[in-house]
Amino acid sequence: MKFVKIAGLGKYLPSKRLLNSDLEKMVDTSDEWIIARTGIEERRIAEKGVGASGLAYKASQIALERAGIDPQDLDLIIVATITPDTQFPSTACYLQDYLKAKKAVCFDMSAACAGFVYALVNAWQLIRGGLYKNALVVGSEVLSTITDWEDRSTCVLFGDGAGAAVLTESTEPGFLSAYLGSDGSQTDILNMPGGGSRNPISSEVIDNRMNYMKMKGNEIFKIAVRIMVQAANKALVKANLDKSSIDMLIPHQANQRIISAVAKRLSIPKDKIYLNIARYGNMSSASSAVALCEAWEDKKIHKDSIVVLDAFGGGLVWGSCVIKWV
Ligand code: UT7
């Protein structure tokens, strides 16, 4: 079995900022409510017509350059997204074309907010098993296209962005462990009911606003804290590590109160948790990817740092992975 490491990280955030004060003009909400309940101050919005592949391309170019890997040497591209450019072909195929990564095998990963962690684990295992050498893993979302801008309970939460990681073979580990989980009995608490094969796009779907995300926020909140703590602990046990060995926790950025509750239960001090929810809101699969990239850019991750990613989302799905920075 091969060892695998992250060789380069990149991110891209659209320049358009949507402030809480802008939302105050759109729905019955307030800056105070949004900050107190979520920690979000602003989010980014992609230009009309720019798909997940467009954001992914910009993040990927940076990650590849930092990794010193030519796109032509990529064996694998996985894009985690719930806002693909089209139902098919996959966003990963569009990205392959932009990058001219001709020999790469490409597919999308549908695991909502845990998508980047799921995709990392898949790429790690495919390199580990010797099938591929170089992989590009991206979390990219244009959530603004599936957000109901008339629903104050969800529209204040989400934003657009992309983060990318290049994974390669390594002489030392690298990826130490992972724990993934799913619970398909909870599909009703976070979903987008329209636009798929069950309710294809129709005037009825649009009239009933079924082509937007629906969420029972309260229910998810309680489950999220418990599940994220459990996932991180299980991944750490698999890596033969204790929670005290975490140098940087990269949690999914859904709600600052969720992150604080998770940190408290894991006894992790504030300076060991990366937070960017105030600036970007919840970007689903892109949240962990961008947060990981920024933690590295901010020099909060060094050689030998133990980094733990911890995410959950609609499905329900969740996952944590432990990486030693080499
Ligand atoms: O990314 C993956 C999964 N997603 C999540 O993890 C999200 C998890 N859930 C949450 O983050 C929180 O549940 C929310 C931020 C979505 C909501 O916060 P909450 O503290 O759970 O509020 P709530 O839903 O219990 O609503 C409390 C009150 C309600 O009013 P009443 O019934 O008490 O009069 C809501 O109608 O706040 C009201 N409310 C708002 N008020 C102002 C809901 N949204 C808003 C809003 N502005 N945007």
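Reader: Does Asp304 count as buried, partly exposed or exposed, and what is the relative accessibility behind that label?

Author: The label depends on the relative accessible area, where buried means under 20% and exposed means over 50%. In this predicted model, Asp304 has a relative accessibility of 38%, so the residue counts as partly exposed. Asp304 belongs to the loop between α11 and β12.

Reader: What is the value of phi at Asp304?

Author: Most residues other than glycine have a negative phi, and most peptide bonds are trans. At Asp304 phi is near 75 degrees, a positive value in a residue other than glycine. Arg209 also calls for attention: its phi is near 55 degrees, again positive in a residue other than glycine. Arg209 sits in the loop between α7 (203–207) and β10 (214–215). With 26% relative accessibility, Arg209 counts as partly exposed.

Reader: Which peptide bond that ends at a proline is cis?

Author: The bond from Phe88 to Pro89 is cis, and its omega is near 0 degrees. Pro89 is placed in the loop between β4 and α4. A cis bond also leads from Gly315 to Leu316, with omega near -10 degrees. Leu316 is found in the loop between β12 and β13.

Reader: I should like to turn to the sheets. In what order do the strands of the five-stranded sheet stand?

Author: Strands of a sheet pair through backbone hydrogen bonds, either parallel or antiparallel. Here five strands make an open sheet, in the order β1-β7-β6-β4-β5, with mixed pairing. β1 (3–12) and β5 (105–109) are at the edges and have a single partner strand each, which means that one side of each lacks a neighbour in the sheet. From one strand to the next, the twist averages 20 degrees.

Reader: How many bridges join β1 to β7, and do these strands run parallel or antiparallel?

Author: β1 and β7 (residues 160–170) run antiparallel and are joined by nine bridges. Individual pairs can be followed in the model: Val4 has Glu169 of β7 as its bridge partner, and Phe3 has Ser170. β7 also pairs with β6, in the antiparallel sense and over nine bridges. One of the residue pairs to look for in β7 is Asp160, the bridge partner of Val142.

Reader: Which residue of β7 would illustrate its surroundings, and how many residues of this strand are buried?

Author: Ten of the eleven residues of β7 are buried, so described under the cut-off of under 20% relative accessible area. Thr168 lies in this strand. Its relative accessible area is 8%, and Thr168 is therefore buried. With neighbours within four places in sequence left aside, the contacts of Thr168 include Phe3, Val4, Ile69, Ile127 and Asn134.

Reader: Which strands does helix α5 lie across?

Author: Helix α5 (residues 115–128) lies across β1, β4, β5, β6 and β7, and runs at about 20 degrees to β7. Helix α4 (residues 91–99) lies across β4 (76–80), β5 and β6 (134–142), and its direction is at about 130 degrees to β4.

Reader: What is the order of strands in the four-stranded sheet?

Author: This open sheet has the order β8-β13-β12-β11, and its pairing is mixed. Its edge strands, β8 (175–182) and β11 (248–251), each pair on one side only. Direction ignored, neighbouring strands are turned by 10 degrees against each other on average. β11 and β12 (residues 306–313) run parallel and are joined by four bridges. Within β12, Val308 is the bridge partner of Leu249. Helix α8 (residues 217–238) packs on the sheet and touches β8, β11, β12 and β13 (317–324), with its direction at about 145 degrees to that of β12. Helix α11 (residues 285–297) also packs on the sheet, touching β11 and β12, and makes about 155 degrees with the direction of β11.

Reader: Finally, how many residues surround the ligand, and which are the closest?

Author: The ligand is surrounded by 23 residues, and the closest are Thr29, Arg37, Asn218, Asn255 and Asn282. An N or O atom in the side chain of Thr29 is 2.7 Å from a nitrogen atom of the ligand. A polar backbone atom of Gly217 is 3.0 Å from a ligand nitrogen atom. An oxygen atom of the ligand lies 2.6 Å from a polar side-chain atom of Asn282. Of the 950 Å² of accessible area that the ligand has on its own, the protein covers 73%.

Terms used. Residues are numbered from 1 along each chain as its sequence is written. This is a predicted model: local features need pLDDT of at least 70, side-chain atom pairs count only at pLDDT 80 or more; totals for chains, interfaces and linings use all residues. Side-chain values use heavy atoms; hydrogens and water are left out. Two strands pair if DSSP finds at least two bridges between them. Helices (H or I, at least four residues) and strands (E, at least two) are DSSP runs, numbered from the N terminus. Axes are lines fitted to C-alpha atoms, for helices over the stretch in contact, and angles run from 0 to 180 degrees between N-to-C directions. Contact means heavy atoms within 4.5 Å. A residue is near a molecule or strand if one of its heavy atoms lies within 4 Å of it. A polar contact is a pair of N or O atoms within 3.5 Å; within protein, one must be able to donate a hydrogen and the other to accept it, and residues adjacent in sequence count only if both atoms are side-chain atoms. Accessible areas come from the Shrake-Rupley method with a 1.4 Å probe; for residues, only the protein chains shown count as cover. Buried means under 20% relative accessible area, exposed over 50%, partly exposed in between (1.4 Å probe, protein chains only).
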